[in-house]
Amino acid sequence: MKFGVIVFPGSNCDHDCYHVLKHVFGQPAEFVWHKETSLKGFDCVVLPGGFSYGDYLRCGAIAKFSPIIKEVRSFAASGGRVVGICNGFQILVEAGLLPGALMRNRNLRFLCRNIHLRVENPETPFTRKLAKGKVLKIPIAHAEGNYYADEETLKEIEGNGQVLFRYATEEGEVSEGANPNGSLHNIAGIANKGKNVLGMMPHPERCAEAILGNAGGRGIFESILSS
Amino acid sequence: MYKAKIYIAPKKSVLDPQGKVVHHALESLGFQGVDEVRVGKFVELKVDSPDKTTAAARVKEMCEGLLVNAVVEEYTFELLRE
């Protein structure tokens, strides 16, 4: 699968994403500058983490107007796989490619630590190699990861199986204590209705190699590659 | 020329942790009877328009297109002739 890792001014997780895709999983991968106007030839597009445009105004608010986003929209509309990690997720919600919004963490702190996720829906290209209920240990690093959507939207995404990952304890319990940032329904990652666009706050690209002591993120990449 | 003063705040239906913290801080400073504290942002800009109605329409477009996230924020603005 050919992967395109989009780079915005201020993106800083692009190299980690590229490394995992190219060197750990041996897939063709390229960086795509935000001013490019074509995603031709790519099978999957990744919007990496970081601080695009310095998080000015709101995280992802300005990146959504980059020329490449127009291409991401048509790429997603024609069923292409899109993965937004952290700031990438923020850009996707700002762009309206995913529902809801990501707000300041409830405790107002930048959180940088491992958390646990429970897989909620294994029937997507991003989770098909993972069992429902499987618990993954993955790090977060964000100050604006608090997922919000109004009642109607929440009902819709829950009903459609669009919630892919929830914050949980190591034992897989989706509890208040396991929720690091106040996200409604402990939502850590969602998909669009068509299940081809993923947005998640935790960083699977930081834990996809055993040598780093945690390979909890591997399953997500393996799922994408098998889809 | 019109100067626009735009006030953007979290919607009342959305939990505002910053507002809560500020509220508690005010209370510990001894300010009683304070409620509904919200912390938002302020944007000021000048817009070249022939009249107030046109200026207002343009500012509204700017708010809805970029300045405000309608999922979690609400806004008001005032226009002053310069």
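Which residue is the bridge partner of G84(A) in β11(A)? That partner is G199(A). Keep in mind that this is a predicted model, and let's start with the chain that holds this pair.

**The sheet of chain A**

G84(A) and G199(A) face each other where two strands of chain A run side by side: β4 (residues 81–85) and β11 (residues 197–200) pair in the parallel sense, with four bridges between them. Both belong to an open sheet of nine strands, and if you walk across it you meet β2-β1-β3-β4-β11-β10-β9-β6-β7 in that order. The pairing in this sheet is mixed. At the two ends of the walk sit β2 and β7 (135–142) of chain A; each has a single partner strand, so one side of each has no neighbour in the sheet. From one strand to the next, the twist averages 25°. Helix α1 (residues 14–24) of chain A packs on this sheet and touches β1, β2, β3 (44–47) and β4 of chain A. The direction of that helix makes about 155° with that of β2(A).

The edge strand β2 of chain A also takes part in a salt bridge, through the side chain of E30(A), which meets that of K2(A). K2(A) is in the segment before β1 (3–7) of chain A, while E30(A) is in strand β2 (residues 29–33), so the pair ties together parts that lie 28 residues apart in sequence. Over all chains, the salt bridge count comes to 15.

**The sheet of chain B**

Chain B has an open sheet of three strands, in the order β2-β1-β3 and with antiparallel pairing. Here β2 (41–47) and β3 (73–81) are the edge strands; each of them has a single partner, so one side of each is left without a neighbour in the sheet. Neighbouring strands are turned by 20° against each other on average, if you ignore direction. Strand β1 (residues 2–10) of chain B pairs with β2(B) over seven bridges, in the antiparallel sense. Within β2(B), E44(B) is the residue that stands opposite K5(B). Helix α2 (residues 52–67) of chain B packs on the sheet, where it touches β1, β2 and β3 of chain B, and its direction makes about 150° with that of β3(B).

**Where the two chains meet**

How many residues does each chain bring to the contact? Chain B gives 15 residues and chain A gives 15 residues. Together the chains bury about 1200 Å², with 68% of that on carbon and sulfur atoms. The count of salt bridges between them is one: E73(B) with R58(A). Four residue pairs are found in polar contact across the interface. On the chain B side, α1 (17–28) and α2 each supply at least two of the residues that touch chain A. By class, that side of chain B has nine nonpolar, four polar and two charged residues.

Here are the two salt bridges named in this report, with their N to O distances.

| Salt bridge | Closest N to O distance |
|---|---|
| K2(A) and E30(A) | 3.2 Å |
| E73(B) and R58(A) | 3.9 Å |

Conventions. Residues numbered from 1 in each chain as written. Chains lettered and ligands numbered in written order. Predicted model: local features only at pLDDT ≥ 70, side-chain atom pairs only at ≥ 80, totals over all residues. Heavy atoms only, no water. Pairing = 2+ DSSP bridges. Axes fitted to C-alpha atoms, helices over the stretch in contact; angles between N-to-C directions. Contact = heavy atoms within 4.5 Å. Buried area = accessible area lost by both parts, 1.4 Å probe. Salt bridge = Lys/Arg side-chain N within 4 Å of Asp/Glu carboxyl O. Polar contact = N/O pair within 3.5 Å; in protein donor to acceptor, adjacent residues only side chain to side chain. Nonpolar A, V, L, I, M, F, W, Y, C, P; charged D, E, K, R; others polar.
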